[in-house]
Every structure is written in C-alpha cells, then in structure tokens.
Amino acid sequence: MTKTNCAILDDYQDAARTAADWSKLEEDVGIERFADHIADRATLAERLAKFEVIVAMRERTAFDDDLFSRLPNLKLLITTGMVNASIDLDAAKRHGVMVCGTRGSVGPAAELAFGLLLSVMRNIPAENANFHAGGGQWQLSVGRDLNGKTLGLVGIGKLGQRVARYGQAFGMDVVGWSKNVTPERCEALGIGYAATLDELLGQSDAVSLHLTLNAETRGIIGERELAAMKRDAVIVNTSRGPLIDEGALAAALREGRLGGAGLDTFDQEPLPAGHTLRGMANVVATPHLGYVTAETYAIYYGDAVEDIAAWLAGSPVRVLNA
C-alpha cells in the first residue's frame, strides 16, 4: 500500500520526532521533516509538491492562494494552535485543502515576556556573556529595580492578564489599556485603567504588548507613540513584530530616546543577519521563542498526530475551514 506523504515544516530543533508518538502512523504515513526555513516561494512549492499532508509550525510559513495552487497533492494542512494568520483558510478550501489545528498553551509566552523585561532591566545577557568570557571587569552594569515601577500592558487578554500577575508579584504597579477595556474590567483584574494608549505610555516604566496583529493594530506603536514614552522606559514585544514600527524603534533606541527593548518577534523572521537590531546593546532579543517549550511542543505535535489519524479515518477533528 502506498503511504501518505507528510512533511513537518520548520522543525528547527529536530523536536517533532521526540515530542509525540508518531509510531501509530508509521504503517500509513511516510514522515519527512525539514529543519530549514525556505523564504523563496518557488523553491518552497517545489519542495512541498509531493506531500498530501503538511504540518506547519505556527506562522513560520505562509500559505496563500498562490502556494496552494502550486501544491496539487496537498489535502490536509495542520497548523499548531487554533489560529494562524499566515494561512488563508478560504483559499485552502477553494483548493480542496482541509486545515486542522491543535491545542496550545498560554503560559510560555507570558513567562518569556517577563523574562525579557528582567533581562533588559538587569542587563543579564551582557553580564552572563562577560562572566563566561572571563572579562577583566567583574561587574559591568548597574541594573534597575522592578519593585515600585509601573508596568503598562497594551492588551489585557489571557496573556496580558498573566503578565499583570507577574508584575504584581514583583511589586509593580500595573496599568492596562486596550480599545475595548473598561475601568470596571481593570478594577476586576486588580490593575489600573488607562483611558488612552498615550496615557498608558506616558506613565509606564515598562510597556509590554499583548495584542493580535490585524489592520487596526499594525504599527500601533510608531514614532509618535515611542516619543510619548519615558526616555528610560523599556518596551517588550512577544506578540507580533509589526505591532511596532521597526524603523522608529531602532531610531529611538539608537538615539537614547528609549531605555531598552526586549523582543521576541520581528517584521521578518528569521531576522536577516545584518539587521540593525542585532547590533544594539540595549536590545535583548530571542528568535520567536514564546511558545517554544517542551511542554507546548508535546501538545502541538501530539495533537498533530491525532489530526492526521482522524483525517485518515474519515473523522477529522479540530477543522478550521469546514
């Protein structure tokens, strides 16, 4: 019997094989994993042309109408998570491709956001690098407390609420803003209310973004908004890179109009080697690791195995474009 061809994309750490039990599919499915990211669309289409099933990791690879048209064998596309802005669900349906999702976990991205904040405020990466390099100077920097500082949250959904609790545990005054939040909602969460984004930016020592990316939120933090922040304030973005005008952020950091940035997401990923942000000492950055934990991968890939098995059995689950 001919096996169904399945590709696992963007498996940078070779984690898929050990994160879940794929053996239940081995009689029916041939698995091929790819560790590299291919930006060229023609090359990507050529690579994926033979596969009936593709497992995509979050939004690392975009699937649009053009790509679907180049993948005539594709029948099932699985995205880790239940929402993926990089997949055109309508186009998938037009091309006869079923899209299924997986469950996920909220905690890891919130934890990383606070880790980035701590890293910027206490200069942890630079001090760690100096320690391992055996630098002649034992201490390089004077860090800053979180206790007593104001943490401004732009977006107070599930992730924002977690970060709020972390901030409170560190003795921070937490203030929240989003387009639809009310004073009553903030009071129920035990945080302060900012009537406008400018109000939040102006009073915060640290700002953390927790918004989904859409036409309304793209570039919500631009040159004007950065200018409204305190000169020593820190901004953290673990949501989506385009929420911030990257050029305006780089200029503010370079000119000393902002105290620092903790970044996990970028306009282009992977970020080009020569990008301005890579050379800035006041930037602590990670390569989109918000969801990258062993526990989250076990959920993602475990559910992916279930999705494939259910599809093969004719009873698909977690269908996103029914």
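This report walks through two sheets, the helices that pack on them, and a few individual residues in a predicted model.

## The five-stranded sheet

Let us start with the strands closest to the beginning of the numbering used here. An open sheet of 5 strands follows the order β2-β1-β3-β4-β5, and its pairing is parallel. At its edges lie β2 (29–33) and β5 (98–100), each of which pairs on one side only. Direction ignored, neighbouring strands of this sheet are turned by 20 degrees against each other on average. Helix α12 (residues 294–312) packs on the sheet and touches β1, β2, β3 (53–56), β4 (76–79) and β5. The direction of α12 makes about 160 degrees with that of β4.

Within the sheet, strand β1 (residues 4–8) pairs with β2 in the parallel sense over 5 bridges. In that pairing, C6 has I31 in β2 as its bridge partner.

## A closer look at β4

Strand β4 is a good place to pause. β3 and β4 pair in the parallel sense over 4 bridges, while 3 bridges join β4 to β5, again running parallel. I78 appears in both pairings: it is the bridge partner of V55, and it stands opposite C100 in β5.

How are the two faces of β4 covered, and by which residues can one tell? L76 and I78 lie on one side and L77 and T79 on the other, and all of them are buried. In a regular strand the side chains alternate between the two faces of the sheet.

## The seven-stranded sheet

The other sheet is also open, with 7 strands in the order β8-β7-β6-β9-β10-β11-β12 and parallel pairing. Its edge strands are β8 (192–193) and β12 (283–285), each pairing on one side only.

Strand β9 offers a nice view of the interior of this sheet. 4 bridges join β6 to β9, which run parallel, and L153 has S208 in β9 as its bridge partner. β9 and β10 likewise pair in the parallel sense, over 4 bridges, with V207 standing opposite I235 in β10. From β9, A206 and S208 point one way and V207 and L209 the other way, and all are buried. Further along, strand β11 (residues 260–263) is joined to β12 by 3 bridges, and the two run parallel. Here A261 has V283 in β12 as its bridge partner.

## Helices around the seven-stranded sheet

Helix α5 lies across β6 (150–154), β9 (206–209), β10 (234–237), β11 and β12, and runs at about 150 degrees to β10. Helix α5 (residues 107–122) also packs with helix α7 (residues 158–169), at an angle of about 45 degrees and with the axes 9 Å apart. The two helices are therefore oblique to each other, and the crossing of α5 and α7 is right-handed. On the α5 side the contact is made by G107, A109, A110, E111, A113 and F114, and on the α7 side by L159, R162, V163, Y166 and G167. By class, this contact of α5 with α7 has 7 nonpolar, 2 polar and 2 charged residues.

Helix α11 (residues 246–254) is mostly covered, with 7 of its 9 residues buried. Those buried residues are E246, A248, L249, A250, A251, A252 and L253. They pack against α10 (223–227), β10, β11 and β12.

## Two residues worth a visit

Is H275 buried, partly exposed or exposed? H275 sits in the loop between β11 and β12. Its relative accessibility is 22%, so H275 counts as partly exposed. The C-alpha atoms of H275 and P125 are separated by 19 Å, with the two residues 150 residues apart along the chain.

N130 belongs to helix α6 (residues 124–133). At 14% relative accessibility, N130 counts as buried, because buried means under 20%. Leaving aside neighbours within four places in sequence, N130 is in contact with G135, Q137, W138 and L140.

Note on methods:
Residues are numbered from 1 along each chain as its sequence is written. This is a predicted model: local features need pLDDT of at least 70, side-chain atom pairs count only at pLDDT 80 or more; totals for chains, interfaces and linings use all residues. Side-chain values use heavy atoms; hydrogens and water are left out. Axes are lines fitted to C-alpha atoms, for helices over the stretch in contact, and angles run from 0 to 180 degrees between N-to-C directions. Angles under 35 degrees count as roughly parallel, over 145 as roughly antiparallel, 65 to 115 as roughly perpendicular and the rest as oblique. A crossing is left-handed if the near helix is turned anticlockwise from the far one by less than a right angle, and right-handed if clockwise. Contact means heavy atoms within 4.5 Å. Ala, Val, Leu, Ile, Met, Phe, Trp, Tyr, Cys and Pro count as nonpolar, Asp, Glu, Lys and Arg as charged, and the others, Gly among them, as polar. Two strands pair if DSSP finds at least two bridges between them. Buried means under 20% relative accessible area, exposed over 50%, partly exposed in between (1.4 Å probe, protein chains only).
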